There are 2 protein chains.
Amino acid sequence: MRYKAIIQYDGSQFLGYQIQATGRTVQDELQKALTKMHKGTPVKIHASGRTDTGVHAKGQVVHWDSELTIPLEGYQRGLETLTADDIAIVAVEQVADDFHARYDVAAKEYRYFVKTAAQRDPFTRHYALHYPFSLDESRMNEAARLLEGEHDFTSFCSARTERDSKVRTLYAITINRNVDGWEFSFKGSGFLYNMVRILVGALLSVGQQKLTPQELQAALEKKDRTALNCRTAPPQGLYLWEVSYKEKN
Amino acid sequence: MRYKAIIQYDGSQFLGYQIQATGRTVQDELQKALTKMHKGTPVKIHASGRTDTGVHAKGQVVHWDSELTIPLEGYQRGLETLTADDIAIVAVEQVADDFHARYDVAAKEYRYFVKTAAQRDPFTRHYALHYPFSLDESRMNEAARLLEGEHDFTSFCSARTERDSKVRTLYAITINRNVDGWEFSFKGSGFLYNMVRILVGALLSVGQQKLTPQELQAALEKKDRTALNCRTAPPQGLYLWEVSYKEKN
């Protein structure tokens with residue numbers, strides 16, 4: 001039987017989602033818990049995608065196969081008991097044998113939180129970017145409209161990205177001002193390595209008048225990361241928010 | 001000259017406020033920063049009181065003496081630059097030479113946050129108690145009314161407390177329900193070792209019908225911690241919220 005789970009994690013104490021030779025990772029923590037539940041038989045899990053060191057998840061999706069016959073609630077409780085408290089198991093369900101957490105992704109949403117108060121806040125240092133500058137909302141929205149749609153996002157991904165095609169579709173970018181600062185949401189068909197953090201870095205530069213929407217457009221067209229003059233926003237403000245899947249009939 | 005500062009800290013990565021033989025403490029972190037600003041001359045700071053491992057502060061107050069003539073803003077920025085980002089310096093002011101952060105305290109407020117959602121939350125594990133039980137508000141308020149006022153709080157402090165007099169005045173206990181759970185506030189003349197955490201533990205037991213307000217009253221009168229049948233609430237929900245001082249003329 002194949003199982004799907006929605007999980008959350010605070011990424012600040014993990015070396016990212018994906019298992020590494022050394023270091024604490026979400027995948028390793030979950031696989032160890034599942035292996036324990038299977039009396040030592042190794043269980044491999046597959047996620048919708050990786051998240052980097054320090055990046056959080058409110059709705060990461062994983063799947064695994066198991067012959068264990070326990071109620072779904074037992075899975076949820078068992079996994080929470082066997083993992084540290086910076087992981088939470090929101091839901092477990094049984095899915096079709098051909099469901100795949102990564103290959104069947106229809107869309108993903110990432111959110112990025114920015115706090116603009118002058119004073120640094122010790123309580124949100126791992127959960128939002130402290131960026132004590134005023135940002136021009138209409139310019140950021142103008143830039144967001146240029147980025148939406150289907151584009152080759154070579155200029156908006158790490159030069160280390162190995163994927164062949166860098167064409168992705170950004171369905172929607174929304175920028176909301178809140179009491180503490182700003183909340184950015186990015187919904188798209190898929191995201192390249194560091195893409196959301198570079199998009200945020202670019203929007204912040206536009207908002208701060210360091211980059212014009214026209215320069216952003218020109219950089220997008222050049223298909224070269226070095227053509228885009230902005231920093232990659234740091235990981236702590238970033239959350240994998242929701243993953244949605246194709247309906248199968 | 002004597003300086004007073006209001007500071008905040010996330011207590012989760014500190015072995016409490018007060019300097020220890022080993023381990024990271026808030027006092028040590030601040031004194032090292034001040035000593036650096038004084039070119040190696042040791043500076044000692046005095047706080048309104050200690051906080052334990054894992055306990056946070058939104059408004060801890062400290063004072064120190066210095067011959068350095070720099071603007072107050074320079075102190076604020078210098079200290080923030082020289083301390084880790086789990087400490088923030090909210091304000092620095094010059095005060096009278098006889099001001100004392102501990103001896104001149106008129107009142108202190110502590111707050112304690114409880115989250116009652118069934119699902120554990122990885123993002124608040126260091127900042128609130130996860131207590132997924134329903135609580136009876138009117139019973140907790142009944143108990144709070146019994147605790148307010150001047151009492152010998154021997155039953156509500158750690159047996160390790162060394163102070164001679166355990167008489168303190170609780171000016172007000174307020175209990176507010178919010179979207180995530182509960183927020184408790186305790187305002188008093190001063191608090192004994194572990195007193196707020198034991199008060200919270202007692203109120204939670206009353207709210208969960210494990211203890212009656214009458215049993216609480218009886219335990220208060222017995223002046224013996226073992227007479228009070230409740231746990232000490234864990235540190236992560238606790239914040240030293242505000243310290244107020246006597247007006248001097």
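Reader: Let's start with one residue: is A:Glu109 buried or exposed?

Author: Buried means under 20% relative accessible area, exposed means over 50%, and partly exposed covers what falls in between (1.4 Å probe, protein chains only). A:Glu109 has a relative accessible area of 5%, so A:Glu109 counts as buried. Before we go on, keep in mind that this is a predicted model: local features need pLDDT of at least 70, side-chain atom pairs count only at pLDDT 80 or more, and totals for chains, interfaces and linings use all residues. Residues are numbered from 1 along each chain as its sequence is written, chains are lettered from A and ligands numbered from 1 in the order in which they are written, and side-chain values use heavy atoms, with hydrogens and water left out.

Reader: Okay. Which residue forms a salt bridge with A:Glu109?

Author: A salt bridge here is a side-chain nitrogen of Lys or Arg within 4 Å of a carboxyl oxygen of Asp or Glu. For A:Glu109 the partner is A:Arg111, with the closest N and O atoms 2.8 Å apart. A:Arg111 is partly exposed, at 21% relative accessibility. Over all chains, a search of the whole structure finds 32 salt bridges.

Reader: And in chain B, which residue does B:Arg111 meet in a salt bridge?

Author: B:Arg111 pairs with B:Glu183, at 3.0 Å from N to O. To place them, helices (H or I, at least four residues) and strands (E, at least two) are DSSP runs, numbered from the N terminus. B:Arg111 sits in strand β5 (residues 105–115) and B:Glu183 in strand β9 (residues 181–188) of chain B, 72 residues apart, so the pair links distant parts of the chain. B:Glu183 is buried, with a relative accessible area of 18%.

Reader: Now the two chains. How many residues does each chain bring to the contact?

Author: Contact means heavy atoms within 4.5 Å. Chain B gives 24 residues and chain A gives 24 residues. Buried area is the accessible area (1.4 Å probe) that two parts lose on being put together, summed over both. For these chains that comes to about 2,000 Å², 50% of it on carbon and sulfur atoms. In chain B, B:Arg120, B:Phe123 and B:Arg125 lose the most area to chain A, together 41% of what that side buries.

Reader: How many salt bridges are there between chain B and chain A?

Author: Eight. In one of them, A:Asp85 pairs with B:Arg125, the closest N and O atoms being 3.5 Å apart. On the chain B side, β1 (2–9), β3 (56–65), α2 (72–82) and β4 (87–95) each supply at least two of the residues that touch chain A. The most comes from β4(B), with four residues.

Reader: How do I read the way the copies are related?

Author: Two copies of a chain are related by a rotation about an axis and a shift along it. The copies are superposed by least squares on the C-alpha atoms of residues with pLDDT of at least 70 in both. Here, a turn of 180° and a shift of 0.0 Å along the axis lay chain B on chain A with an RMSD of 0.0 Å. That is the relation of a two-fold axis.

Reader: Why do the copies meet through the same surface?

Author: Look at who takes part: 100% of the interface residues of chain B are also interface residues in chain A, so the copies meet through the same surface.
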